[in-house]
Amino acid sequence: MDNQRLLVWAGFGVLLWLTYQTWMQDYGPAPVPVTQPAETEQVTATPAEEQLALPELGETAGEPDEPGTPLPGGETADAGTPGAIITVRTDVLELQIATRGATLVRATVLGYPIEKDRPGDLVELLSPERSNLGLIRTGLRSANGAIADQDTLFRAARSEYSLGEADELVVPLTWTDASGVSIEKRFVLARGSYAVRVEQTLVNNSEQPWRGDQYTQLLRRSKGMERSMFDVDSYSFDGPQTYNGDKAEKHKRDDLEDKGPVEYSTPDGWVAAIQHHFLSAIVPEPGSAHVYRVEVKGDTMIASVVGAKRTVEPGASETFSRQLFVGPKVQSQLGELHERLKLTVDYGWLTILSQPMFWLLAFIYGYVGNWGVSIILVTMLIKLVFYKMTETSGRSMAKMRNLQPRIKALQERYKDDRQQLSQQMMDLYKREQVNPAAGCLPILIQMPFFLAFYWVLIESVEMRQAPFALWITDLSTRDPYFILPLIMGAAMLLQQKLNPAPADPVQARVMQIMPIMFTGFFAFFPSGLVLYWATNTVLSIAQQWKINKVVEKEEKDRKSGKKKKDKDKDKTKNK
């Protein structure tokens with residue numbers, strides 16, 4: 001096996017895989033544009049037949065312990081007349097709740113600006129504006145008339161609620177039907193949490209049993225993918241994701257339009273609208289079957305969850321509960337809500353490496369308080385773990401470097417006989433106990449960790465806009481001055497000087513160009529990834545330099561020992 005050739009192709013393979021999204025997508029077929037109205041346009045009311053209907057239960061809705069029928073979608077999204085707006089503020093969220101339907105119509109994530117240099121322009125995951133539409137509706141459906149849906153006007157004691165110094169905030173809204181059925185809907189929020197628990201307590205003071213189910217409906221703008229090699233966000237999936245108790249699945253807009261709605265029933269599932277670093281999710285209580293439905297209508301994604309039907313006897317009460325999540329993909333909080341909700345953080349097929357790598361980074365970050373320093377320390381730990389394995393490869397490369405004069409002599413002697421040259425070189429490698437393929441081992445070891453680091457940096461919201469030092473103020477984006485990629489390129493050039501030059505002149509030229517190519521490609525990668533590769537390269541240089549010195553000393557000692565042995569033989573012969 002030609003060591004250098006395999007090394008070259010392995011390096012090109014990594015680069016091609018990583019840059020496929022940022023190069024090929026730009027020159028591939030253009031995505032179908034999604035027409036969006038102006039950013040400030042509000043969602044206006046539409047005729048009743050075009051609204052997202054929440055029908056009454058019929059005979060086919062299922063038995064009391066079965067989920068009811070799913071909610072069908074209409075042609076357009078409609079928030080309805082908002083009525084009064086209640087503002088709710090915690091330490092991490094600012095919500096707006098419309099009294100009509102007690103609907104979540106706006107959610108602003110505090111402490112997460114869209115761009116770091118504009119701290120006042122915060123991420124909004126829910127909004128009544130068409131360009132960034134996001135609504136979460138909750139309600140009860142009934143088979144016998146009494147219903148509190150998205151058009152029902154609730155009453156609230158106050159127009160503003162704030163967490164203040166408390167650890168929990170409860171926002172109550174009430175509705176009473178003429179028949180005697182009343183509902184209190186409570187939004188429960190906790191300090192530091194992006195989870196919102198919605199509790200609906202129904203009190204049946206009517207003369208007949210109340211029979212029905214609860215529903216939750218998430219509406220989110222649906223847009224086509226527009227790729228840009230300078231925008232990392234454009235390469236993260238934006239759309240609905242479901243979990244059916246077995247696997248998590250993303251649903252592309254085109255598939256939902258071509259194949260129709262996705263519908264399933266499970267006692268342990270969830271549905272979410274995800275985007276880069278953030279999500280809005282409905283997470284029903286486990287153990288009770290729910291019907292899930294996801295579809296796209298026009299420029300709106302509609303996800304609905306309907307729970308099991310219950311019967312509330314006259315004079316009795318029943319509480320229906322549902323968990324929501326509106327915020328960044330903080331993995332510790334996602335895991336607390338549902339273990340598999342962490343799958344919304346998509347590390348791809350290298351999750352088995354990325355998850356423990358993120359855990360290790362987070363663990364070290366807890367002590368050093370800097371994600372950049374954590375990356376450097378984790379890189380050192382990885383290097384230490386594989387030190388012995390890469391040392392074997394390094395020794396082989398050091399011996400190859402010492403053999404370069406003899407290899408060149410063979411090339412001159414057998415320049416017209418390729419077969420004989422190959423045979424002589426193989427004999428030389430065998431005599432000197434050198435494995436030319438061993439040089440591929442370091443890059444083969446580094447590749448999966450490199451790719452895993454890439455996904456950790458791209459997908460982990462914990463590293464979003466995280467500073468390192470000096471000019472590196474955001475490890476999840478490229479170096480604004482391209483200094484770190486230049487340092488990395490210089491380190492790669494120095495590393496080449498310590499390694500044996502390829503026998504083939506063409507390959508030698510390619511190897512000389514590779515640091516320049518890597519520098520160009522890495523210039524647009526997240527600076528945290530460049531920091532990892534630069535640190536790894538510097539550590540590799542230090543290791544190879546040490547190995548070269550050790551091998552050179554061993555070679556000198558071997559030659560000295562051979563000379564001494566020859567002298568002893570001569571003395572014995574003369575005697």
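**Salt bridges, strands and nonpolar clusters in a predicted model**

Glu295 has a relative accessible area of 4% and is therefore buried. The model in which this residue is described is a predicted one. Two salt bridges of Glu295 can be described in turn. In one of them, the side chain of Glu295 meets that of Lys297, with an N to O distance of 4.0 Å. Lys297 has a relative accessibility of 24% and therefore counts as partly exposed. In the other, Glu295 is paired with Arg293, and the closest N and O atoms are 3.1 Å apart. Both of these residues, Glu295 and Arg293, are buried.

Arg293 also forms a salt bridge with Glu263, at 2.8 Å from N to O. This pair links distant parts of the chain: Arg293 belongs to strand S16 (residues 290–297) and Glu263 to strand S13 (residues 262–266), with 30 residues separating the two. The relative accessibility of Arg293 is 16%, under the 20% limit, so this residue counts as buried. Glu263, at 46%, lies between the limits of 20% and 50% and therefore counts as partly exposed. In the structure as a whole, the count of salt bridges comes to 18.

At the level of the whole protein chain, the secondary structure consists of 12 helices and 19 strands. The chain has 575 residues, of which 49% are buried. Among contacts with a separation of 6 or more, 69% are made between residues 24 or more positions apart. The exposed area of the protein chain is about 27,900 Å², and 55% of this area is supplied by carbon and sulfur atoms.

Strands S1, S2 and S3 provide an example of consecutive pairing. Strand S1 (residues 85–89) runs antiparallel to strand S2 (residues 93–98), and five bridges join the two. Within this pairing, Arg89 has Glu94 of S2 as its bridge partner. The connection from S1 to S2 is a hairpin of three residues. S2 is in turn paired with strand S3 (residues 103–113), again in the antiparallel sense, over six bridges. Here Leu93 stands opposite Val109 of S3. A hairpin with four residues between the strands connects S2 and S3, and Gly101 in its turn has a positive phi of about 80 degrees.

In soluble globular proteins, nonpolar side chains tend to be buried together. In this model, the largest nonpolar core comprises 103 residues; those touching the most other members are Val88, Val171, Phe187, Leu361 and Phe453. Helix H9 (residues 441–459) gives the largest share of this core, with 10 residues. When residues up to four places away in sequence are not counted, Leu361 touches Trp371, Ser374, Ile375, Val378, Phe453, Val456 and Met463. Another core, of seven residues, lies apart from the largest one and includes Ile407, Tyr414, Leu421 and Tyr429.

Nonpolar residues also form a patch on the surface. This patch, of about 700 Å², is made by Trp359, Phe363, Tyr367, Val368, Val373, Leu377 and Met380. Helix H4 (351–368) and helix H5 (371–385) are the elements that give two or more residues to the patch. H4 supplies the largest share, with four residues. Phe363, a patch member, is found in helix H4. The relative accessible area of Phe363 is 42%, which means that this residue is partly exposed.

A further partly exposed aromatic side chain is that of Phe482, with a relative accessibility of 30%. Phe482 is placed in the loop between H9 and helix H10 (483–498). Phe482 and Ser527 are 45 residues apart in sequence, while the C-alpha to C-alpha distance between them is 9.0 Å.

Terms used: Residues are numbered from 1 along each chain as its sequence is written. This is a predicted model: local features need pLDDT of at least 70, side-chain atom pairs count only at pLDDT 80 or more; totals for chains, interfaces and linings use all residues. Side-chain values use heavy atoms; hydrogens and water are left out. Buried means under 20% relative accessible area, exposed over 50%, partly exposed in between (1.4 Å probe, protein chains only). Contact means heavy atoms within 4.5 Å. Accessible areas come from the Shrake-Rupley method with a 1.4 Å probe; for residues, only the protein chains shown count as cover. Patches are made of residues with over 30% relative accessible area and no salt bridge: like charges are joined within 9 Å, nonpolar side chains (Val, Leu, Ile, Met, Phe, Trp, Tyr) within 5 Å. Two strands pair if DSSP finds at least two bridges between them. A nonpolar core is a set of buried Ala, Val, Leu, Ile, Met, Phe, Trp, Tyr and Cys residues joined through side-chain atoms within 4.5 Å.
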